[in-house]
Each structure stands twice: as structure tokens, then as C-alpha cells.
Amino acid sequence: MAASQAGLKQTRLITRTGGWLNASRREALWFYLIISPWLVGLLLLLAGPMLYSIYLSFTDWNLFNAPEWVGFDNYIRLFTRDRTFGYALGNTFYYTFLYVPLNIVLSLGIAYLLNKRLPGIRLFRTVIYLPYVVPVVATTMVFRWVFAPDNGLLNSFLALLGIDGPAWLLTPEWVKIALVIMSLWGVGSSVVFLLAGMQGIPAELYEAAAIDGASERQHFFGITLPMLSPVIFFNMIMSIIASLQTFTQVYILNAEPNTPGNAIVMIIPYLFDNAFRFNKMGYASAIAWVLFVIIFAFTLLVIRSSSAWVFYENEMKR
Amino acid sequence: MRLRMLALLTISLLLLSISMVAAQEPVTLRLSVWGSLSDQEAYQARIDLAEQQFPNITVELLYTPDDYDQRIQTMMAGGDAPDIVQLAEAIHGYSSRGQLLALDEMIASAGLDMAARFGTNHLQYQYEGSQYALPDRGGAMIVYYNTDMFDAAGLEYPNASWTWENFLAAAQALTVREGDAVTQYGFAAGGWWPWWMSFIYQNSGAVLDESGAPAFNSAEAAEALQFYNDLVYTYEVAPSPEDYANLGTNSPDPLFAQGKVAMIMTGFWNIASLRDVPDLNWDIAPVWGNTARGTVAFGSGLAITSSSAHPEEAFQIISFLTDEAAQTVIVERGQDAPANVAVLNSNLFLSGETFANRDIYMEAFGESADAIIALPLIPQWNEMQSVMSATLDEYFLNAIDTQTAVEQLQADLEDLLQ
């Protein structure tokens, strides 16, 4: 009954094309109808809480009693008196500035090698991607052994080269480097994008270059790199955002009794502690918004710079 | 007139019978605990006893092995709090937020003599003059020592009269070196707060003074931390964090069980871990002191959440669980030291027959009773722990000196508490 009525209505709407519901309006209506579950979800589950957390960041709230308005106190405390937040900011930047460039260079190199047509190359491609599939929790537990001071895998290897490796996870100066090394182990996710990009580069370009007598090096820098720049751009933005939001590795390592906490604390783990261990939701919200501004600024910077170095095939060079 | 009297009588009888039915109405309570699987079994056995005692009450056990506080807080925030919660050092975060029921009136009307039942153990669960939990489990941190190593070195065993001098002399005599490498440590501890905090109190220092102000900048606290770190880096009788990493562990307990350490400080639970280790001969003793005595009591209490719909029944249950019959189950199962003083002094506990397969000095727990320090259980306990370990992590790695450490600790705590 209802179905046939709806069918009737629809045929009537279609026949009355000259009315208010012409073809384009009807299309718009369907668009909003179909997208509404996501729109409602976005407004209720994302935009709502986001706006609320702006309000919370100006309050003192322990999750259970009513939030108490404190004005800019949380922000002032973050930047003037909170030593731990200072460490968290410093460590997060240090990690990001070290990890992101290394990740790009390393993933590009590996993707280049994996793009060679060799027997068994599929196996290597799988092996490179595998670490990314391993949960970070497991990786972190394994790397505790890799980084063990005297008989750890890494230091045993360094000893072969005559280098006396440090106590990676126990020395404030080395623990962040150890984190970077650990994260680079999961370089496979960036490699996959680059590899797909490389395989999408038209073979004619290389053929034309070969006819002109270009070297392997010229191939790479003159064709591969520019053609890949949109993928590198994507990888760069994603890895900047991911590094600024590092959580799991730090959380797990810091649960170890002897890890130098100040040398490893980062923004999100500190936010988590404030919100869920110290019950300072207002303060945690302020940290969240500071981080939001930082991520926004970095992303904007990269996007702005992209016109200088990102090349799209069907676009004229400005 | 008579008719009216009769009517009144009938009505009041009716009301009385209704209320009696109401009292007998089945009530389901939820009780939340953490721990190992054997802890869970012990709680269940005690709950079974309680349910026999109160047939109208059903107690459902919620067992959370990890991230306990987070789970309880999530449940509370979601309006789904359990009726009874096991809590320890973090308790006053809850009591200060009004999430727990003050038990004073119910204790008074039940005529429960707290001092007779718990000694002084219940005082740590008081916040601003009100009692927020009944102590359930508790036992001092004690010394476990390897008797074979002591015999081999010809040393007398640790006892309650020991000072740091005796302790250090023994630790030095018990440390065995082969070249540069230590093959047997005299002592082993680390960054866990009960260890270093005990040393501070043993030296008449404190984390917070009587007025509640941070007291790390005292000579006593600095001296104690220095001595504690010297055990690792100067006297070299205890493993450093790096040594631990090379030994493949982060805890002294397995090293003791492997026969690599002569003395460790830990709680009652280690009896069960060591009981079945072959060829390991050990005993227990109270922890040494210096200018004072000091050890930490590990325990937990049972509290009632303020949102519980059945506080009276919940109190009946926690009162029963901390009374002799239910506390005896803790001893029978070798789970922990009970908080109930009568059970703590019972022959069953002192003989150790239900949980140790050897004759050990169980009196160590009773002898530690007056050395138990009043922990600074402030509402910000979790945050205080985090702040202190940030500095002490570096200090115990020997990356900063004592003066820097105590100044930093003092400043950070003052900032936290203001």
C-alpha cells in the first residue's frame, strides 16, 4: 500500500517536470536524503562534541561534577607553567621532524627497488608491507628486546661494527631516536602508495627518455619523482598528522617502570593522561585544541608549498 | 472509637507486612574487583558465603584485570556504576568527587567497632573526617631473603631491629662479582613508589608533611634518595635499570626466584609465587629502618557508590565480607593478608599452613604493623604518581643529581597541590 503510493507519487513528480521539483532539484533532494545518515552522524557525533570541547577547554571539569568556567586559565597554564606539556611539545616536534623526512626518503628508495622486475619481487613487496599489519602493541613489545642494552639485536649488530650501542630505551637522548627507528619499521604503508604510483607512470615517458639517451638517474629525477609528487604530497600530509598524534608506542613504553618519562612524553599521551587518569577533562580539551591548531598550521603550510613542488600530469606548470 | 482503633491496627499490620516483604525482596548487587584469576575465585568464594547469610541478596562479581580505574569511571560517567567497588590508593579521587557513600552513619547504626576490627588500617580510607571504605585486604611490604645465601656468607638473618647500616653491610657481603660482572646481587628494587617511599619514611622524611605540603626539599628525603640510588651506583649491590634490561626483566621478583638476588621487598602475594620454586630456600622478615621505621601496606577496601540503589544491603555485604568468616577464606586460599585483625592474629594465618609449604616467619606481618606509613592518599594520587615518576625515572637512571631531583619534585608537587 505504502509502496504503491510512493510509486504513484514518484511518477507524478516525474510527469510534473515544470513544477518546483524539476530534475535538478529532485537530484539535490535525493542527494541530501542519501547523504543524511552521514550528515546527521557528522553533526551529532563529530561537530557537536567538537564544539562542546571548545567550551570545555575554558572550564575545569572532572567528568562528574558540573564544569566550572575558568576563562583562559587552562591555556595560560599550558604555556607558562606546565613543564610536562613543554616536554610533550618538544618531543612531538623532534619526533615529527625526524620521522617524516626519513619516512619519505626511505619509502621512496624502497618503492623504487620494489618496482624492479625481478623474480620473487612479490615476496619482497609482501615482506616490506608485513610490519605495517602487525599491531603497534606487538611491535613495541618486540622492539624492547631489539633495543636491549647489552645483548639486544640492534646493539649486537652494532658491536659487530665495533660500535658500543647505547641503552636505547633507558637514555633520555636516545629514546626518541629509538621511537623513530621503531616507526620506520612500518614504512610499508607509504611504500604501497608509492609503488602503485610508480606503476601508473606511462611507459612511453621512459621510452621517450631512453631514446633521448637519458640515464637511470635522469629517469628517476626527471620522470619518476615529478610523476610521483602527488603521492609523496599525500604521504607527507598523512605522516605529519600521524606523527603529531603518536600515542600507542609512547603509552606502552611509558608503562615500563624505567622509561625516562619526560624524554618520551608526547601530546596525545599527555592529553590521554589528563583526561582519563587525572580526570582533568577541561585541561585535556585545551591540549586537544592546541594540537588541532598545530596540525592545521602544518597541513596548511604543506598544502601552500605544494604548488612549488607537486606536479599534476594534466596541469600546466604555473 | 474501637472500630477506628481496629482499622488503624489492621492498616499498620498491613503496612508492617508489606515492609517485611519489601525487606525480603530479592536484591541484586554488583561488586567490582581487580586482580588475577585466583583473586577472582577467592572473591567468588566469599560472595557465596555472603549469599548464604543473606538469601535475599544476590551479588554479581564484576572482574576487571586491567585498566580498572578507567572502567569504573566510565561506568560511573555512564550512570551504570556497580554498587560495591574495590578501591586502593586512588580512593580519594572518588570520595572527593562525591562518588562514594560516606559510611559513618551505617557503621554507627550497625555498631561496628572499626578499631577492634581493623586496627589503624581503616584510617587511610577516611577523607575529610568520613569513612569511605571498609578495609578488606592488607599486608605490609616485607623483606624476602634467600637463607642459603645468608648461610653461605655467614650472616645473621634480617630482623625488625635492623638499620640501614646492617642492611648495607649484609647487601655488600651478599653481592658476588666475577670480574666486572655481578653474578649475585645483595638487594634489588627499582622505580616503583613503595620501595623508594619506604626509604624516605625510614629516614624520618615524608612525601607530604602533616599540613599536607610537599616535603621533598627536606634533608631527610634527600639523604634517603641518595642512599637508595647509591645502592645501585656507588655500592653497586643492586641492579640498575640497564642491568634489569640486560637480565630480561623489569622486576626484582623473578630475579629473586632465579636465585640471583639475596633480598627483595615485596608483598604477601610473593609467598604464593615462591612456594613452588624448586631448590629455593627463603624466609621473610620485617623491613629495616633507619632513624625511623617505614613500610607500605598494600591493601584495598570495599566502598559503596553513592548511586547505589541498595546502600543498606550493600553495607550488609561489605560488613560481612570484612568479618571473620569471610576474611578467613582469604587466608584459606592464600590470597592475601586479611584486613581483619582477629584473622591476622589467628593461628591459621600465623602458621601459614594454607599458603606456604614451609615454616616461614609469619609474625613479620604483625611486627610491621607499627611501621606502616600513612600514605599521602590525596585525591590527585594518580597525577602525583605521574609527576613524581617523571623526575625519579631520570634520577634512578643517574641522569640528574639528588639536589636537582628533590628541587624538581618539590616544585612540581607544590604546583600540583596549589
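## Where the two chains meet

Let's start at the contact between the chains of this predicted model. Chain A puts 25 residues into the contact, and chain B puts in 26 residues. On the chain A side, two elements give two or more residues each to the surface touching chain B: α13 (261-264) and α14 (267-277). Of the elements, α14(A) gives the most, with three residues.

What about the make-up of that side? The residues of chain A that touch chain B split into eleven nonpolar, nine polar and five charged.

## Chain A as a whole

Chain A has 15 helices and two strands. Its radius of gyration is 26 Å, whereas a compact globule of 318 residues would come out near 20 Å. Laid along its principal axes, the C-alpha trace of chain A spans about 85 × 75 × 45 Å.

## Helix α4 and its two partners in chain A

Helix α4 (residues 83-114) of chain A is a good one to follow through the fold. Take its meeting with helix α9 (residues 188-199) of chain A: the two axes come within 8 Å and cross at roughly 50°. That angle makes α4(A) oblique to α9(A). The crossing of this pair is right-handed. From α4(A), the contact uses Asn103(A), Ser107(A), Leu108(A), Ile110(A), Ala111(A) and Leu114(A); across from them, α9(A) supplies Ser190(A), Val191(A), Leu194(A), Leu195(A) and Met198(A). Sorted by class, the contact of α4(A) with α9(A) has eight nonpolar and three polar residues, with no charged ones.

Now for helix α11 (residues 216-244) of chain A. The axes of α4(A) and α11(A) come within 10 Å and cross at roughly 145°. Here too α4(A) makes a right-handed crossing. The residues of α4(A) in this contact are Thr92(A), Tyr95(A), Thr96(A), Tyr99(A), Val100(A), Asn103(A), Ile104(A), Ser107(A) and Tyr112(A), and they meet Phe220(A), Ile232(A), Asn235(A), Met236(A), Ser239(A), Ile240(A), Ser243(A) and Leu244(A) of α11(A). By class, the contact of α4(A) with α11(A) holds ten nonpolar, seven polar and no charged residues. Asn103(A) and Ser107(A) are worth a look in the viewer, since they turn up in the contact with α9(A) and again in the contact with α11(A).

## One sheet in chain B: β2 to β6

Over in chain B, there is an open sheet of five strands in the order β2-β1-β3-β12-β6, with mixed pairing. The edges are β2 (57-63) and β6 (134-140) of chain B; each has a single partner strand, so one side of each has no neighbour in the sheet. From one strand to the next, the twist averages 15°.

At the β6 end, β6(B) pairs with strand β12 (residues 297-304) of chain B in the antiparallel sense, over six bridges. Within that pairing, Pro135(B) has Gly301(B) in β12(B) as its bridge partner. Helix α2 (residues 37-53) of chain B packs on this sheet, where it touches β1 (27-33) and β2 of chain B, and its direction makes about 170° with that of β2(B).

## What else α2 touches in chain B

Which way does α2(B) run against α15(B), parallel or antiparallel? The axes of α2(B) and helix α15 (residues 324-332) of chain B come within 9 Å and cross at roughly 160°. That makes α2(B) roughly antiparallel to α15(B). The crossing is right-handed.

On the α2(B) side, the contact is made by Ala42(B), Ala45(B), Arg46(B), Leu49(B) and Ala50(B), while α15(B) brings Ala325(B), Ala326(B), Val329(B) and Ile330(B). The contact of α2(B) with α15(B) counts eight nonpolar residues, one charged and no polar.

## Another sheet in chain B: β8 to β11

Chain B also has an open sheet of five strands in the order β8-β9-β10-β7-β11, again with mixed pairing. Its edge strands are β8 (176-178) and β11 (282-285) of chain B, each of which pairs on one side only. The twist in this sheet averages 25° from one strand to the next.

At the β8 edge, β8(B) pairs with strand β9 (residues 181-188) of chain B over three bridges, in the antiparallel sense. To find your way in, look for Val176(B), which stands opposite Gln184(B) in β9(B).

Methods: Residues are numbered from 1 along each chain as its sequence is written. Chains are lettered from A and ligands numbered from 1 in the order in which they are written. This is a predicted model: local features need pLDDT of at least 70, side-chain atom pairs count only at pLDDT 80 or more; totals for chains, interfaces and linings use all residues. Two residues are in contact if their C-beta atoms, placed from the backbone, lie within 7 Å. Helices (H or I, at least four residues) and strands (E, at least two) are DSSP runs, numbered from the N terminus. Ala, Val, Leu, Ile, Met, Phe, Trp, Tyr, Cys and Pro count as nonpolar, Asp, Glu, Lys and Arg as charged, and the others, Gly among them, as polar. Axes are lines fitted to C-alpha atoms, for helices over the stretch in contact, and angles run from 0 to 180 degrees between N-to-C directions. Angles under 35 degrees count as roughly parallel, over 145 as roughly antiparallel, 65 to 115 as roughly perpendicular and the rest as oblique. A crossing is left-handed if the near helix is turned anticlockwise from the far one by less than a right angle, and right-handed if clockwise. Two strands pair if DSSP finds at least two bridges between them. The radius of gyration is taken over C-alpha atoms; the globule rule is 2.2 Å times the number of residues to the power 0.38.
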